[in-house]
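Thank you for making time this morning. I would like to take you through one model, slowly, and I will say what each term means when it comes up.

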Protein chains: 4
Amino acid sequence: MQSSTRGRSAGRPRSAAADTAILAATRAALVELGWSKLTLGDVAARAGVAKTTLYRRWPGKNELVVDAVAELFDELRLPDRGSLAADVEGVVSQFAAILARPEARSGLMAVVAESTRDEALRERIRSSIVERQKRLVVEGKSRARARGELPPQTDPAEEGRTADLVFDVVAGAVVHRTLVSAEPADDTWIRGFTRLLLGGLREA
Amino acid sequence: MQSSTRGRSAGRPRSAAADTAILAATRAALVELGWSKLTLGDVAARAGVAKTTLYRRWPGKNELVVDAVAELFDELRLPDRGSLAADVEGVVSQFAAILARPEARSGLMAVVAESTRDEALRERIRSSIVERQKRLVVEGKSRARARGELPPQTDPAEEGRTADLVFDVVAGAVVHRTLVSAEPADDTWIRGFTRLLLGGLREA
Amino acid sequence: MQSSTRGRSAGRPRSAAADTAILAATRAALVELGWSKLTLGDVAARAGVAKTTLYRRWPGKNELVVDAVAELFDELRLPDRGSLAADVEGVVSQFAAILARPEARSGLMAVVAESTRDEALRERIRSSIVERQKRLVVEGKSRARARGELPPQTDPAEEGRTADLVFDVVAGAVVHRTLVSAEPADDTWIRGFTRLLLGGLREA
Amino acid sequence: MQSSTRGRSAGRPRSAAADTAILAATRAALVELGWSKLTLGDVAARAGVAKTTLYRRWPGKNELVVDAVAELFDELRLPDRGSLAADVEGVVSQFAAILARPEARSGLMAVVAESTRDEALRERIRSSIVERQKRLVVEGKSRARARGELPPQTDPAEEGRTADLVFDVVAGAVVHRTLVSAEPADDTWIRGFTRLLLGGLREA
DNA sequence: AATTAATCGAGACGGTACGTCTCGTCTTGGT
DNA sequence: ACCAAGACGAGACGTACCGTCTCGATTAATT
């Protein structure tokens, strides 16, 4: 009795609007309550959805928050500002702006903390957030190379290692500045950091 | 009438042994259960202490974990290995080793996450962990200066800013590498990172 | 749109079996532990029910015990033994037998004590126990009147007052004998009490 | 080397004022909080005394409340009003007045309830309250006999049984009226009850 | 006057139960 | 087959008292 070709199963299809509403409700709850006081019952209520609907789509709080937060980082862009230094400053500035938003601050570190004991969650974070944003480093480098600010690529493996290192340094420094040291990543700080990073890159 | 100057307060004094037992039990619970499944009732039971004793001394789970984790970082030393590069590699290596221990991994990020919504907790982390370990940066720099590897100090304010920046970069990069990217900070990575950092420092 | 008239409310309906199990468990706990050592957690465990289920249905220990004890008194019957004296002796004997059971002894006085400071509880006791059993007095009187042992009813208000008085005297005397004086209400005592009561009734 | 005859032990003697203060504080707490919310810590604080002092003198809450309540019933008097009926009405009225006071209402029934599972407490209640007040029945009867309202005593054992019965009926009826039926034992009720009681007594 | 010993206040201690909250699952009837 | 509603078993939360225990400080009677 299966009419269509693919497994378009019978019965009422899942509401597409529900996913959007749930993720938005999750971010709203993160803003108001923070991660530890966020409850799935509350998210369901905000989204106008039953708890069962929520559990049907996400295994639990951690995975839900990862998805809700991941969307925030997709806003990052790498605008061409003419020089490598300016490009780096621009993207760092955008990154700092996202980390200044409470829904990101609260959620991101919490799921990272949880991920230290949950391999599946770690993988989810890596694929949804980390690897997804490494595009910025790769793109930035190739653009700098086109401008002649960096020497042409040599060993691809070495290339990957350097990209990973740069990503850890950039993301780590901004996160540590804003969340651990709890001081603003303002323009002065960003300029200082960029000078240090590019200096290191030229030497290495 | 109170005879003495300060309040050698009346009543039975608090047991000093209890504090030690509680912090050790907290670390043990972090290893076994991780932050989110750690319960204060369980910690109390492990420490052979009543829940009330625990609540009498710490306001809650977050503050307890901060204190339990802070002690771990006091193990950090800055041994003189003859050159700035070797010194940095040494301390980064120790730092990475601590972050490889599950009681640190689980606890540290979680309290940072909580601190995004709790000013008092943020201050506790800062004074117990962050500021406390900046000593390493200061000491390393002065040692390098004595060796002539760095120019003598000029502006003290500028000096402080640089120390903060270096601390954010070092701590942030190692944390991001081990917890977010979830890859080991092995000797290869440490050498690469140190080269980048020192290159940047010389330029800046 | 709600189709039916009254709120056949949505959601899973409450388990009817739980109520029965909880009241039985309450009586069992009263027998073993008495009122003051009875805990709602223990009752829930005995009934194979979660604490929340219990709190969803009763506001607290007092109300639960009232309901558990009230059922005991519904066993009282007024068998026709041929004369008013024999009827009274019969029902007093049954009443004494109930008060000899530990689940009644423990619970009844305790909730009466609590009710001195809780109007709602007082009303609950009155409707579930006191007024409910006054039927025995009314029925006994009408039966005696049919036999010609008592004069026909005159003033209905006066009638009600007398019924209340008789109920207080009978219930009070038996309770005081068994619980305060703490001596058994055996056949000798019951005969003596019945003679005194009926003597007074004929005069009054 | 004990000099004196009795064991007048050395050391600081117990404060006599403390007992008075504690019993008064207990009654005050009964009025404000009732039995179930009365805590020994609170009583100690009201009495300006340490908890240890209180536990040194009473085994627990129940015994303390018995002693605090027992003093209330010592106020009962049997004034000579000229006839048995008037005497009974007088003492019943006093008894009802005491039971109208919250410190008696709250405490009395609670300790009776507790006593159903505590033999030592039951004995304490009996000796401090019940037997102590049976004097009223004995005195009332002998006075009535002197007036010729009752026949002279015959069998002493039978005499004791009757006194017990009368005490149970009087105390039980008043308690039941005021605490269980929770209606006032006003003059109308007292007159009705006295008529019933004396009618029964003359017949029996 | 010095000694002795039980009392006193204060308050921390190991326990236990409280009543509430959230979890993730399981029934309902309705769409 | 999906949905909203809401009851369910489970178990941690942070608080309140329990009755006991250490403290140093009093306070009389005995030396």
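I will begin with how the model is labelled, then turn to the chain contacts, and end with the DNA.

This is a predicted model, in which local features need pLDDT of at least 70 and side-chain atom pairs count only at pLDDT 80 or more, whereas totals for chains, interfaces and linings use all residues. Residues are numbered from 1 along each chain as its sequence is written, and chains are lettered from A and ligands numbered from 1 in the order in which they are written.

Let me start with chains A and B. Here 40 residues of chain B are in contact with 40 residues of chain A, where contact means that the C-beta atoms of two residues, placed from the backbone, lie within 7 Å. On the chain B side, two or more residues each come from helix H6 (102-115), helix H7 (119-146), helix H8 (156-180) and helix H9 (187-203); helices (H or I, at least four residues) and strands (E, at least two) are DSSP runs, numbered from the N terminus. The largest share of that side, 13 residues, belongs to H8(B). By class, the side of chain B that touches chain A holds 19 nonpolar, ten polar and eleven charged residues, with Ala, Val, Leu, Ile, Met, Phe, Trp, Tyr, Cys and Pro counted as nonpolar, Asp, Glu, Lys and Arg as charged, and the others, Gly among them, as polar.

How are these two copies related? A turn of 180 degrees and a shift of 0.1 Å along the axis lay chain B on chain A with an RMSD of 0.1 Å, which is the relation of a two-fold axis; the superposition is by least squares on the C-alpha atoms of residues with pLDDT of at least 70 in both copies. Because 100% of the interface residues of chain B are also interface residues in chain A, the copies meet through the same surface.

Turning to the other pair, the contact takes 41 residues from chain D and 40 residues from chain C. On the side of chain D that touches chain C, H8(D) gives the most, with 13 residues.

Finally, the DNA: 49 residues surround DNA strand E, and the closest are B:Gly11, B:Arg12, B:Ala50, C:Arg12 and D:Gly11, where a residue is near a strand if its C-beta atom, placed from the backbone, lies within 6 Å of it. Among the elements that give two or more residues to this surface are helix H3 (51-57) of chain B and helix H3 (51-57) of chain D. The surface near DNA strand E divides into 14 nonpolar, 21 polar and 14 charged residues.
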